[in-house]
Amino acid sequence: MRKILIWLVPLCLLSTNIFAYINVAYLNTTVILNKSTTAEVVETLLVNMSNSSVGQYLQDRQSINLTLEDWSYVLHTNLLIQHITSPTGSISDFTFLPGPIIDRNSRTAQALLTMRYYASNVTTVKNIGPRKFDYTFNSAALDFEHVASGDALPQNARLNIIIPAGTHVISVYPEPDYPYPSFVGNYGNTTTFSWYQGEPLSEFRFSYLETESLQDEVINYFTDMYAGYTQQIYLIITMLAGILAVYIYVKVFA
């Protein structure tokens, strides 16, 4: 009996290690465009793990020395990178947050990891008419899975693009999985567009139109003018202040 127990103990330990796992189940990338060429990007990764791996995850979460490369090794994934980065741009204000356990039962658990950053030169803007601006997404900024036909979304990933309120899409390819157009090429006032797993991105095109109000045009005109003549304005103000000081001195002490 004792010999049997000696063999059973290591077998139980081996069985526990076999069923211990932690991996990335899904990637959700959201690109928030605005009235500039820099976009805010939020990427969340859903992590699945066995209940026996929760302790290790929580321990890693408390560590302040783990890099993205370290976390990629822990999660056995190549998805823990910035997927929106222009070859001619840069990444700024990057933050990475391994979240708490959000769902747990007797066998499995889940957590969310969030990357947030700003990517420059994601769009280009062109003035195509009075108060009309065409914003075109730079397809070279997409850095997902590389397949024979070019870039593509992984099977466990989703891409979302959000455009500013008051703008509307004028060109998009491939057609988003969400929403469906009301008729060919028309998405109405929709501001959120999504492509689901496996979508080919090698010929990705996306552009939207902003029509600037007359009030915004006037404000921007004077703002730009002020920015262009800042030094001259400061010089004039300094000269006026000097003249006023001399006038007061003459009046009081003359």
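In this report, helices and strands are DSSP runs, with at least four residues for a helix and at least two for a strand, and they are numbered from the N terminus. With that naming in place, one can say, for example, that Pro174 is found in the loop between strand 10 and strand 11, the latter covering residues 192-195. The model described here is a predicted one.

## The whole protein

The protein has five helices and 12 strands. Its chain counts 254 residues, of which 31% are buried. When contacts with a separation of 6 or more are considered, 69% of them join residues that lie 24 or more positions apart. The protein exposes about 16000 Å², and carbon and sulfur atoms supply 60% of that area.

## The nonpolar core

The largest nonpolar core has 45 residues, and the members that touch the most other members are Leu33, Leu75, Ile84, Phe137, Ile161, Trp195 and Phe206. The element that gives the most to this core is strand 4, residues 108-119, with six residues. Phe137 can serve as an example of how such a residue is surrounded: leaving aside residues up to four places away in sequence, Phe137 touches Val31, Leu33, Val122, Thr123, Leu142, Ile161, Phe204 and Phe206.

## Helix 2 and its two faces

Helix 2 spans residues 54-62, and its buried residues are Val54, Tyr57 and Asp60. Seen down the helix axis, these buried residues fall within an arc of 125 degrees, so they line one face of helix 2. A general property of helices helps in reading this pattern: an α-helix has 3.6 residues a turn, so residues three or four places apart point the same way. The face of helix 2 turned away from the buried side carries the exposed residues Gln59 and Gln62. What do the buried residues of helix 2 pack against? They pack against strand 1 (22-32), strand 2 (39-50), helix 3 (68-75), strand 3 (91-104) and strand 4.

## A sheet of four strands

An open sheet is formed by four strands in the order 5-6-12-10, with antiparallel pairing. Strand 5 and strand 10 stand at the edges, where each has a single partner strand, so one side of each is left without a neighbour in the sheet. From one strand to the next, the twist averages 20 degrees.

The pairings can be followed across the sheet in that order. Strand 5 (residues 123-129) and strand 6 (residues 132-137) run antiparallel and are joined by six bridges. Within this pair, Thr124 stands opposite Thr136, while Asn127 stands opposite Phe133. The hairpin made by strand 5 and strand 6 has two residues between the strands, and Arg131 takes a positive phi near 65 degrees there.

Strand 6 in turn pairs with strand 12 (residues 205-211) in the antiparallel sense over five bridges, and the bridge partner of Lys132 in strand 12 is Thr211. Strand 12 is also joined to strand 10 (residues 168-173) by five bridges, again with the two strands running antiparallel, and here Ser171 has Ser207 of strand 12 as its bridge partner. Is strand 12 largely enclosed or largely open? Five of its seven residues are buried, so strand 12 is largely enclosed by the rest of the structure.

## Less common backbone geometry

Most residues other than glycine have a negative phi, and most peptide bonds are trans. Against that background, the following places in the backbone deserve a careful look.

| Place | Feature | Value |
|---|---|---|
| Tyr173 to Pro174 | cis peptide bond | omega near -5 degrees |
| Tyr178 to Pro179 | cis peptide bond | omega about -5 degrees |
| His76 | positive phi | phi near 55 degrees |
| Asn121 | positive phi | phi near 60 degrees |

Pro179, like Pro174, has its place in the loop between strand 10 and strand 11. His76 is found in the loop between helix 3 and strand 3, and with a relative accessible area of 65%, which is over the 50% needed to count as exposed, His76 is an exposed residue. Asn121 is found in the loop between strand 4 and strand 5, and its relative accessible area of 30% makes Asn121 partly exposed.

Methods
Residues are numbered from 1 along each chain as its sequence is written. This is a predicted model: local features need pLDDT of at least 70, side-chain atom pairs count only at pLDDT 80 or more; totals for chains, interfaces and linings use all residues. Side-chain values use heavy atoms; hydrogens and water are left out. A nonpolar core is a set of buried Ala, Val, Leu, Ile, Met, Phe, Trp, Tyr and Cys residues joined through side-chain atoms within 4.5 Å. Buried means under 20% relative accessible area, exposed over 50%, partly exposed in between (1.4 Å probe, protein chains only). Contact means heavy atoms within 4.5 Å. The arc is that of the directions from the helix axis to the C-beta atoms. Two strands pair if DSSP finds at least two bridges between them. Accessible areas come from the Shrake-Rupley method with a 1.4 Å probe; for residues, only the protein chains shown count as cover. Axes are lines fitted to C-alpha atoms, for helices over the stretch in contact, and angles run from 0 to 180 degrees between N-to-C directions.
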